[in-house]
Amino acid sequence: MNIDERLINKWTDKWCKEKYSNLIYITERFIGKFLDAVNNDDDLTAYEEGQLLGREINISVTPSEIIETWKIFKNSFINLLQEENYSTAIETSERMFNSSKIGFLEEVFKRQNLELQSVQLREKELSTRFEVAEYELSISLSKKVSLYEAMNLTLDTIIRLTGAERASIMLWDEKEELLAVKAARGVDAEPFGLYKIKSGEGIGGWAFEHGTVCVVNDVRKDSRFIKSPSTQKEIKSIICLPLIAEDFKMGVIIVGTLSKYHDFTKDEIKTLELIASRSALVIDNVILHENEKKYIEELKEKTDKLNAIVRDMGDGVLLFDKKGFITFFNRAAEYIMNRTENQVLGTEWTSLITLKDDEGRTVSIEPSFKFKRSRGFINTAPEERKFLSATATPLLNPHGEKIGGIVVISDMSKEKEIEKMKSEFVSIVSHDLRSPLTSVKGYASMILHYNDRLSDEKKKEFLEIIIREVERLVRLIKSLLDLAKIESGRFESQKMPVEAFPLIKNVIDTYRSSEIHKINMNIKGELPVIMADPDQLEQVLHNLVGNAIKYSPEGGEVEVGGYIEGNNIIMYVQDQGIGIPEEEVEGVFDKFHRVKSGRRIAGAGLGLFITKNIIDAHEGKIWVESSPGKGSRFIFSLNL
């Protein structure tokens, strides 16, 4: 509506300057805002300007009274303007503002009492929404708020807005299939009734099961009510509101009075429904956040554990990106490849791992999901050659796109050496089996065919050779049988009282015939009777003395000794032979191991392996002390 400026001037001059000249500035601003409100039908501006005017002219009025005053004034003034009766409009405004300020406002208030009640209800609703908004804001601003804190803040808001004397929250436990109290506020600071209830049990359980608000103004009249514990003040009126977020029922809020019975009003129910709907979202978000946090922590723990396992596992592991550059290199890989992680990061993995077969041809290592193991030799240092196994596998993202790969490498050098030893063992055993049989067959044939021509002395010599070869054959076969028993776990010892001294003497006497070796016995003190398998103990001494002679090809002394040390009997065999290189000492008791001496020395590499297993079966210990070129000393101890 366009308002004639002359009217404004007349109105302000007539009223402001004559009646309230000290309020010209305030009133001009006041009238300007008012006219804007008239044009825009804006009661909110009227409300704000009315508050300002009331404070400036010291009118003791409430905001609702100012609103009503504005409505009356606005309607009257608009009607007059529409009739273009300027003088009447000015007279009306004078009459309104010359009236007793308080009396006029009270009169207006009485006439508009019904509308005022509506405004008050609106104010209360706005206040409630403000409280709920403040509650939501408190939760959203506190990113570290826990579920317990969120629920307590919810209950504090409910009690502050409704004046309830007790409130609690029960959440659904999917594992136990029960509603359990998680937070309680108010008198006694205790929940209503039981701490855990089934769905449908009690008023709270009924509200949860049906997903609807349940109001009971007098619990005495409701059979569903579960009485509180004797230590608690009994509830009188109760309202239960289900917590539902995205159609998922997570629990129930229970609110009640203790001092008197109470009829819950529609406004109270509406307020609680609003809070329940908001708190359901808040609690759901907090639970999701806590579950997410817990999942992240568990994932981090698993990742750290996996990283630790991968970093410290026995096999070498390296990761490479989609361009083939190394991004991870574990400790085992560092040891196997004789490179540190810092030395290889950022280099192409294919340039680091290049395997060659026995004939020097490059072995292909192609990443695939077939888990193919590529094997070959590699030089990890100028004078270090290893036999490795490498398995390369691509890594894909959730979309199936290649993002890199993983290579697992194993040092198979020892296995390769054992494989070689097995091959040599088969060859040696075949030879060692044929050799005595050939001798036996040859000498037996001579005796058979030339018996009449051979002297008794020759016959005896041939028969003794046959017996020695048969005994050698028996020992070899026994070693093979012992090996089979050890590998199948059936190796046992038949222990009985054994006199150590006669046993040692019998073994020494067997080897005294050697022309280039002198066999000595060095027994300190009297050796007691021990519990042992006599055959196995004799086999141990035979193996050690036999080895001492074999690995002393130039001859020399071989000493067999024994003594008591504490609760153990110590026995040893010492030679003056070629000795054992330091790097081979650790593996001297391994299966098929034969000391590299540069000479052809007979044997299958089983003697010391079987010896150690016999000593282990007797719960004893065996070890070696050796110096290359000076000989070796094999020592074992048995419990008395």
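**Salt bridges and a charged pocket**

Arg311 counts as partly exposed, at 25% relative accessibility. That value comes from a predicted model, and so does everything else described here. The label fits because 25% falls between the 20% limit for buried and the 50% limit for exposed. Arg311 also has a partner: its side chain meets that of Glu341 in a salt bridge, with 3.7 Å from N to O. This pair ties together distant parts of the chain, since Arg311 belongs to helix 10 (residues 266-312) and Glu341 to helix 12 (residues 341-344), 30 residues apart. The distance of 3.7 Å passes the test because the cut-off for a salt bridge is 4 Å. As for Glu341, its relative accessible area is 17%, so Glu341 is buried, the limit for that label being under 20%. Put side by side, the bridge joins a buried Glu341 to a partly exposed Arg311.

Why would such side chains team up at all? Side chains of opposite charge can pair when their charged atoms come close. The count for the model comes to 13 salt bridges.

Another one sits within a single helix. Asp616 and Lys612 meet through their side chains at 3.0 Å, N to O. Both residues lie in helix 19 (residues 607-617), and they are 4 residues apart, or about one turn of the helix. How open to the outside are these two? Asp616 has a relative accessible area of 39% and is partly exposed. Lys612 is partly exposed as well, with a relative accessibility of 30%.

Salt bridges can also be joined up. Arg361 and Asp357 form one, again through their side chains, at 3.0 Å from N to O. This pair is part of something wider: Asp357, Glu359 and Arg361 are linked in a network of salt bridges.

Charged residues turn up again in the second largest pocket, which has a volume of about 820 Å³. Its lining is made of 24 residues, and those nearest the centre are Ser413, Lys414, Glu417, Asp590 and His593. Which parts of the fold supply the lining? Strand 12 (384-396), helix 14 (413-449) and helix 18 (582-585) each give at least two residues. Helix 14 contributes the most, with 7 residues. Sorted by class, the lining holds 14 charged residues, along with 7 nonpolar and 3 polar ones. Lys414 and Glu417, two of the residues nearest the centre, belong to the charged class.

Conventions:
Residues numbered from 1 in each chain as written. Predicted model: local features only at pLDDT ≥ 70, side-chain atom pairs only at ≥ 80, totals over all residues. Heavy atoms only, no water. Buried < 20%, exposed > 50% of the residue type's maximum accessible area, 1.4 Å probe, protein only. 1 Å grid on protein atoms, 1.4 Å probe; cavity = no way out; pocket = protein on both sides within 12 Å on 5 of 7 lines; lining within 4 Å. Points joined across faces, edges and corners; volume = space filled by probe spheres on them.
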